[in-house]
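This report is about the open and enclosed spaces of one protein chain, its nonpolar core, and the confidence with which its parts were modelled. Please keep the structure in view while reading.

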Amino acid sequence: MKKSAVFLSSALGLTLATSSFADNTTEELRATIKSQQEALKQLELRLDETEKRLEQTADAVDSSASKGSATTIGGYGELHYNHITNDKDGTAKKEFDFHRFVLFFGHEFTENTRFFSEVELEHALSGDGKPGEVELEQAYVEHDVNNMFSTKAGVFLIPVGILNETHEPPTFYGVERNPVEKNIIPATWWEGGAAITVKPMGGLAFDAAITSGLKTPTTGSNAYKIRKGRQKVANADGNDLAYTLRVKYTAVPGLELAATAQYQTDVTQNLQTLDIENEDGTTETLTFEKAPATLLSTHAIYNYEGFGLRALYAQWNIEGAEAEAAGRNEQYGFYLEPSYRINDAFGVFARYSKYDNTAGDKEDSKITQINTGVNYWLHENVVFKADYEIQGDTKDAQGFNLGVGYQF
């Protein structure tokens, strides 16, 4: 009986102690949970605030990036050293020239409407008696009507040849631009007007343009010489417009084929009479016929692995007795340029060129030029160039050219 009483008393005491301990533990646990809940609420609030700030920062960055990407700046430039000796008289041209310093400015108004411009300083220094010029080569607005049609208006490069539209130094071989596109096409050649591009299917494109035209001299050594007819949209005579059409095919990887035709009803801009003052003080009036002019040009570019090939032919036909008398009723040129890109850094090339700005006369006036050389790309947009040059036929000269060029 005593043992039972002791056991019951002990059990009751243990139960009360356990109950008291449990009550204390529950209270502490409740307090801990409540404290943790408060801490979680505070943490949630802080995370919400942090997330809001991050969203605001992201929005600001997106807005800034959007604004920054709408306007773009780029450019290119090239420094040349020419050492060419005339074998006929022994004279030599040894000359450094920062030939071109060009800046691009563009702006995207919308996904379909954009502006592009190109400002160039030639020969480093311009002004009275200085060798260079400051020129606005491009300034046009372009608009995509849809995936097939796009239009542009302003000052832009004529769609002809290989170099006229793409002539940044890292994109071609040789220190100087080839003489055919320089003297016959004549690159770089820009006009003011409007153009449309039609892409009816992948790899096929048509370009049509109505622009200001050339205005060639009618007398002197440069009479009807094409390169001397560029007005550069500087108070350009607009009596006679030019009409240009190009077709380009690029559906085969590595291959580009293109042909351009341009027509102008008078390459002298309707200059019918010209007053000439004689040495004795009298004035003589010369009368000229209109000189309709047609340019035809075609080219091919092919690249396969490291091998490359460029070929181009261009000719002008100018009507009129005066153009024929000057021997410039026919002007033509062509070149062939194979190349091999050894690796990302080195490439070698050879180019054979022939052109004649007075092919219409009875005299032999053609000029041949052979260039062989190497390009070294320090970076895909930075290139060092060297080539050896031989001029033949009516010229007799040879020498070398060195250059460095860049684009960004």
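The text below takes up model confidence, then pockets and cavities, and then the core and one loop.

**Confidence.** The structure is a predicted model, and the chain averages a pLDDT of 88, with 83% of the residues scoring at least 70. Over residues 1-22 the pLDDT is below 50, and this stretch has zero contacts in the model beyond near neighbours in sequence. Residues 60-66 also stay under 50, and for them the model has zero contacts beyond four places in sequence. Where pLDDT is low, predicted coordinates should not be read in detail.

**Pockets.** The two pockets described here are set out in the table, with the classes of their lining residues.

| Pocket | Volume | Nonpolar | Polar | Charged |
|---|---|---|---|---|
| Largest | about 1,000 Å³ | eight residues | twelve residues | 19 residues |
| Second largest | about 880 Å³ | 17 residues | twelve residues | 14 residues |

Of the 39 residues that line the largest pocket, Lys93, His99, Glu176, Lys182 and Asn183 lie nearest its centre. The elements that give two or more residues to this lining include strand S1 (71-86), helix H2 (179-183) and strand S18 (397-407), while S2 gives the most, with six residues.

The second largest pocket is lined by 43 residues, and those closest to its centre are Ile162, Thr166, Lys248, Glu256 and Ile301. Among the elements that give two or more residues to its lining are S4, strand S8 (241-249), S12 and S13, but the largest share, five residues, comes from S5.

**Cavities.** A search of the whole structure finds three cavities of 30 Å³ or more, and about 50 Å³ of space lies in the largest of them. The lining of this largest cavity, which includes Phe172, Tyr173, Arg310, Glu337 and Arg351, has four nonpolar, one polar and three charged residues.

**Core and loop.** The largest nonpolar core has 25 residues, of which Trp189, Tyr224, Val267, Leu312, Trp316 and Ile318 touch the most other members. Strands S12 (293-304) and S13 (307-318) are the elements that give two or more residues to this core, and S13 gives the most, with four. Beyond residues up to four places away in sequence, Ile318 touches, among others, Tyr224, Val267, Pro292 and Arg328.

The loop between S12 and S13 holds Glu305, which counts as exposed because its relative accessibility is 72%, above the 50% limit. Glu305 and Tyr340, 35 residues apart in sequence, are 8.9 Å apart in space from C-alpha to C-alpha.

Definitions and conventions. Residues are numbered from 1 along each chain as its sequence is written. This is a predicted model: local features need pLDDT of at least 70, side-chain atom pairs count only at pLDDT 80 or more; totals for chains, interfaces and linings use all residues. Side-chain values use heavy atoms; hydrogens and water are left out. On a 1 Å grid over the protein atoms alone, a cavity is a set of points where a 1.4 Å probe fits but cannot get out, and a pocket is an open set with protein on both sides within 12 Å along at least five of seven lines; lining residues have an atom within 4 Å of a point. Grid points are joined across faces, edges and corners, and a volume is the space filled by probe spheres set on the points. Ala, Val, Leu, Ile, Met, Phe, Trp, Tyr, Cys and Pro count as nonpolar, Asp, Glu, Lys and Arg as charged, and the others, Gly among them, as polar. pLDDT is the predictor's confidence in each residue, from 0 to 100. Contact means heavy atoms within 4.5 Å. A nonpolar core is a set of buried Ala, Val, Leu, Ile, Met, Phe, Trp, Tyr and Cys residues joined through side-chain atoms within 4.5 Å. Buried means under 20% relative accessible area, exposed over 50%, partly exposed in between (1.4 Å probe, protein chains only).
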